Structures are given as C-alpha cells and as structure tokens.
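Hi everyone, thanks for coming. I'd like to walk you through one structure today, so have a look at the screen and we'll get going.

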Amino acid sequence: MDGNKLPRVKSSSGYGTFGFDIHHRFSDPVKGMFGVDGLLPVKDSVPYFQLMAHRDTVIHGRRLATSTGDNNKTPLTFYYGNETYRLDGLGFLHYANVSVGTPSLSFLVALDTGSNLFWLPCDCSSCVHSLRSSSGKVELNIYSPSTSSTSEKVPCNSTLCSQTQRNRCPSDQSNCPYQVVYLSNDTSTTGYFVQDLLHLTSDDTRAKTVDAKITFG
C-alpha cells in the first residue's frame, strides 16, 4: 500500500486482538507483488497506472478462475468484455456491462472500490430505467429473482449470512438483509442477498463461456 497514506480504520469493540502489515510502496514485498525488480514508476504517472491496471487484471482473473473451479487458472472477463465507460452526470465512477441470471440480462454497474458488495436494483418501480449519455440513450434493466430460473434467495440461517445480519432477521428462514452506507454524498444501499449466475468468458484465444455462482445484493 502507499506508505504516504494510512488506512481508514473504524473503531470496534470486542474480545481478542488483530493485526496487519503495512508496507511502503517502494519496499521489496510491494515490488514483488507487482513483479518489478527496480523502482516503481513515479506515482500518478501513466506508467504507474498502467502497472496498477495490469496487476489488478491478473489478480482479478486468478480469483475468478479459482472461484469457478477452473484448474488451468485461465483469466476470465465479463461476458461483454472489460470495456468501461464514463457517463456524464454520474460522478467520477466508471461503469461496465455485466450479464446475470437465466435467461441472462445485462446490467450497467458502477465500479466502486469503496465496497466489496456487488448489488443490483431489484423489483423496484421507482428505479431509473434509462439515461442519456453523449452516445445516446442507455436502457437499464432491473433485476427480478422471480424471472431468473437460477436465482436463489439467501436465508438468515445460511453460512453466507453474517451474525450481524442475522441479528436483524425476524426468523431463520427470512431473507438475509444487508445495508451499506457509503462515504460519498451520504449514499447507501439496502436490500437482501440472493445467489445467481454471473456470466463470464475465458480471456484467451479459445474463449469459452463460464458461469460463476455469486452472492449479491
């Protein structure tokens, strides 16, 4: 991590201790993670971000390959590719198309490193169904568990539902709830967890479709 910045840590209470290592961005462990022998490129330069993007692509691909049980660890990409978009009027985030469910539907999702939760608008009448961009009108789909044959709700007694979430459950068979409050613009998301298929393709010369069962909001 960048040695010039300290991580934001929320306070917590409880029994036991925890710890983690902090490495300067020019240290040997960090350079080893990036696969470079000398110094990293100057921070915020074009080569610096190119190196960051390459590392993220490799690591993300390995994780997806591992999660789908692919023994050859072939990097995977979204069904519609890794192209991202900047949309005027929607802040500083980048967006990508993902394919979810059976039959599959495409969803335009924001790529936000402020949370590890993937969520989609679900069964809502007040959601925005389209927006205007410089390239024209963009149609937006709304996810519905009832229209996907591979959708499964996550109950409160599931191991995928944390103890904190279970504390908000009226019963063991209730849908596992979630709530995330973001730091930017007092935004938040609230809903429940489901499992469904995220459609990917192998990122090589012999591309093949891979379906990954994921949990999302």
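**A threonine and the cysteines**

Let me start with Thr 189. Leaving aside residues up to four places away in sequence, Thr 189 touches Leu 117, Trp 119, Tyr 178, Gln 179, Val 180 and Tyr 182. Do keep in mind that this is a predicted model.

Where does Thr 189 sit? Thr 189 belongs to strand 8, which covers residues 188–192. Its relative accessible area is 6%, so Thr 189 is buried. Among its neighbours, Tyr 178 deserves a second look: the side chains of Thr 189 and Tyr 178 are joined by a polar contact of 2.8 Å.

Now to the cysteines. How many disulfides does a search of the whole structure find? There are 3. If you count the bonded cysteines along the chain, the pattern reads 1-2, 3-5, 4-6.

Let's take them in turn. Cys 124 is bonded to Cys 127, with an S to S distance of 1.6 Å. This link is left-handed, at -110° about the S-S bond. Cys 127 has a relative accessibility of 23%, so we call this residue partly exposed.

Next comes the disulfide between Cys 156 and Cys 169, where the sulfur atoms are 1.9 Å apart. Here the angle about the S-S bond is -85°, again a left-handed link. This pair connects distant parts of the chain, 13 residues apart: Cys 156 is in the loop between strand 6 (152–153) and helix 3 (163–166), while Cys 169 is in the loop between helix 3 and strand 7 (177–181). Are these two cysteines buried or exposed? Both Cys 156 and Cys 169 are buried.

That leaves Cys 161 and Cys 176, joined with an S to S distance of 2.1 Å. With 85° about the S-S bond, this link is right-handed. Cys 161 sits in the loop between strand 6 and helix 3, and Cys 176 in the loop between helix 3 and strand 7, so this disulfide ties together parts that are 15 residues apart in sequence. Cys 161 is buried, because its relative accessibility is 2%. Cys 176 is buried as well, because its relative accessibility is 0%.

One more cysteine before we finish. Why is Cys 122 not bonded to Cys 124? The sulfur of Cys 124 is the closest cysteine sulfur to that of Cys 122, but the distance is 7.4 Å, which is too far for a bond. At 26% relative accessibility, Cys 122 is partly exposed.

That's my tour, and I'm happy to chat about any of it.

Conventions
Residues numbered from 1 in each chain as written. Predicted model: local features only at pLDDT ≥ 70, side-chain atom pairs only at ≥ 80, totals over all residues. Heavy atoms only, no water. Helix = DSSP H or I, 4+ residues; strand = E, 2+ residues; numbered from the N terminus. Buried < 20%, exposed > 50% of the residue type's maximum accessible area, 1.4 Å probe, protein only. Polar contact = N/O pair within 3.5 Å; in protein donor to acceptor, adjacent residues only side chain to side chain. Contact = heavy atoms within 4.5 Å. Disulfide = S-S within 2.5 Å.
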